[in-house]
Amino acid sequence: MDTSAVLFERAKKVLPGGVNSPVRAYRAVGLNPRFIAKADGAYIWDVDGNRYIDYVCSWGPMILGHNHPLIREAVEKAVQDGLSFGASTAREVEIAELMIQMVPNIEMVRMVNSGTEAVMSALRLARGATGRDKIIKFEGCYHGHTDAMLVKAGSSAVSKEGSPSSAGVPANVAADTLVARYNDLQSVQQLFDQYPGQIACIIVEPVAANMGVVAPNPGFLEGLRAICDKEGALLIFDEVITGFRLAKGGAQEFFGVKADIVTFGKIIGGGMPVGAYAGSKELMEHIAPCGSVYQAGTLSGNPVAMAAGLAQLSYLNSHPEVYEVIASKAVQLANGMRQAVAETGANVRINQIGSLVAPFFTADSVESFTDATKSDLNKYAAYFMNMLEQGVYLAPAQFEAMFVSYAHTDADIENTILAAKNVLQKLVK
Ligand code: KE4
């Protein structure tokens, strides 16, 4: 098999930037990307045979670790019956019933094929249900690449030098996207005061995990709920990352705050392409064919993808201890990294909530995107490269998260902490 270097040269001839998703190009860390050959449990192997402890976990889907036997067997069994029918199947009903059982405050679900598609559909639903056009998002939050969300977005869409998040987004589309500051309720209320009766919804990552990891300050999500109730707008929790990760019921359960629409992705596909959006029966019956808000998809509810998602969600539903275990491992990791920071005198702040962790190369607290952008991105790039050399695979960009899975062992966590200490010692010299 070709090496990563050879594959990347070939890839750049046939794929924009040599990748099918920008962050995979490692441009934020200034390295050539590793091509991955296989994965198992907490580990991935690149095409050159190097093994890494994996904290990307496919950007969140692999909460049980890679190549879980239950998920693999469910997929192998499902493909025996065919790959796609373009017609309804029992498994779509079963996974929707299970999601409604696991997640509070949702009565109906619509399956789509990605988080982006879930968000795009949820925004259209909010606009269709309220008759209002404007939407509020938060600077540094990332909600996939639908036009309306590529305004001051996070993750790999972070704009350079203040330019918009993407060319190709018409000004009149971007004009309907209003941007507030995460953890700043006043910046939200100001927009409602400026555009009374015009704002359909607020969309928020209940934990911002596309600016590094930034938790909501106490009262922030509750405040968004209250503002939406007062202003007649809908609250959308984008739970593509937090859904089925922060708790069985996701952020609504974890924080005790109800959203009107919830978007999902990643974990519900078990590694296969799946997204979903969900809400009350009343709201969801605005969606075609019941109502006037159109949304459709050739492979929505694909039977093989549903088999993978159903296997993963069923395991999570019957093993709630997973949540306590992955959160405690993340605490062990974060505390170990903080110890390494203290021992080396490095300027690093570690944020952690649930099984999400993120280091920022700054001595200051990080509670907003502005704080996150003040961290030293070059130091992060050096940290990433050195950790890779130590056999630890982190997000190849600062504005992402570390994901701890059920497959990460205590030894993996301890080895990661040791690697971090070695690297920080080297970087502070
Ligand atoms: P997808 O369309 O990539 O399935 O989901 C978009 C999305 C929506 N909402 C949130 C909160 C998300 O984090 C994402 C996608 N997450 C990124 C990681 N930051 C996916 C990785 C990538 O873009 O390659």
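Helices in these notes are DSSP runs of H or I with at least four residues, numbered from the N terminus. With that settled, I looked up Phe 255 and found that this residue lies in helix α8, residues 250–255. I should record at the outset that the structure is a predicted model.

**Entry 1: Phe 255 and its surroundings**

I asked which residues Phe 255 is in contact with, leaving aside its neighbours within four places in sequence. The list consists of Pro 206, Val 207, Pro 216, Leu 221, Glu 222, Leu 246 and Ile 353. I also looked up Gly 301, which is 46 residues from Phe 255 in sequence, and the two C-alpha atoms turn out to be 29 Å apart in space.

**Entry 2: the two domains**

I turned to the domain assignment, which gives domain 1 as 3–67 + 320–428 and domain 2 as 69–318. Taken over C-alpha atoms, the centres of domain 1 and domain 2 are separated by 25 Å. To the contact between them, domain 1 brings 33 residues and domain 2 brings 36 residues.

How much area is buried between domain 1 and domain 2? I noted a value of about 2,900 Å², with 64% of this area coming from carbon and sulfur atoms. On the side of domain 1, I found that Tyr 323, Ile 353 and Phe 369 supply 24% of the area that this domain buries against domain 2, which is more than any other three residues supply. Ile 353 was already in my notes, as one of the residues in contact with Phe 255.

I then looked for polar and charged pairs across this interface. The count of salt bridges between domain 1 and domain 2 is zero, whereas 10 residue pairs are in polar contact across the interface.

Next I asked which elements supply at least two residues each to the side of domain 1 that touches domain 2. They are α11 (321–344), β11 (349–353), β12 (356–360) and α12 (369–373), and β12 gives the most, with four residues. Sorting the residues of this side by kind, I wrote down 24 nonpolar, seven polar and two charged.

**Entry 3: around the ligand**

I found 17 residues surrounding the ligand, and the closest are Ser 21, Thr 116, Asn 210, Asp 238 and Glu 400. For Ser 21, a polar side-chain atom lies 2.6 Å from an oxygen atom of the ligand. In the side chain of Asn 210, an N or O atom is 2.4 Å from a nitrogen atom of the ligand. I also looked up Ser 155, where a polar side-chain atom lies 3.1 Å from a nitrogen atom of the ligand.

**Entry 4: a salt bridge in helix α1**

The structure holds nine salt bridges, and I chose one of them to follow. In this one the side chains of Lys 12 and Glu 9 meet, with a distance of 3.1 Å from N to O. Lys 12 and Glu 9 are separated by about one helical turn, because they are three residues apart in helix α1, residues 4–14.

**Entry 5: two details of the backbone**

Where is Pro 289 found? I located Pro 289 in the loop between α9 (281–284) and α10 (303–318), and the peptide bond that joins Ala 288 and Pro 289 is cis, with omega at about 5°.

My last look was at Asn 183, whose phi is near 70°, a positive value in a residue other than glycine. Asn 183 has its place in the loop between β6 (177–180) and α6 (185–194).

Conventions. Residues are numbered from 1 along each chain as its sequence is written. This is a predicted model: local features need pLDDT of at least 70, side-chain atom pairs count only at pLDDT 80 or more; totals for chains, interfaces and linings use all residues. Side-chain values use heavy atoms; hydrogens and water are left out. Domain bounds come from an automatic or database domain assignment. Contact means heavy atoms within 4.5 Å. Buried area is the accessible area (1.4 Å probe) that two parts lose on being put together, summed over both. A salt bridge is a side-chain nitrogen of Lys or Arg within 4 Å of a carboxyl oxygen of Asp or Glu. A polar contact is a pair of N or O atoms within 3.5 Å; within protein, one must be able to donate a hydrogen and the other to accept it, and residues adjacent in sequence count only if both atoms are side-chain atoms. Ala, Val, Leu, Ile, Met, Phe, Trp, Tyr, Cys and Pro count as nonpolar, Asp, Glu, Lys and Arg as charged, and the others, Gly among them, as polar. A residue is near a molecule or strand if one of its heavy atoms lies within 4 Å of it.
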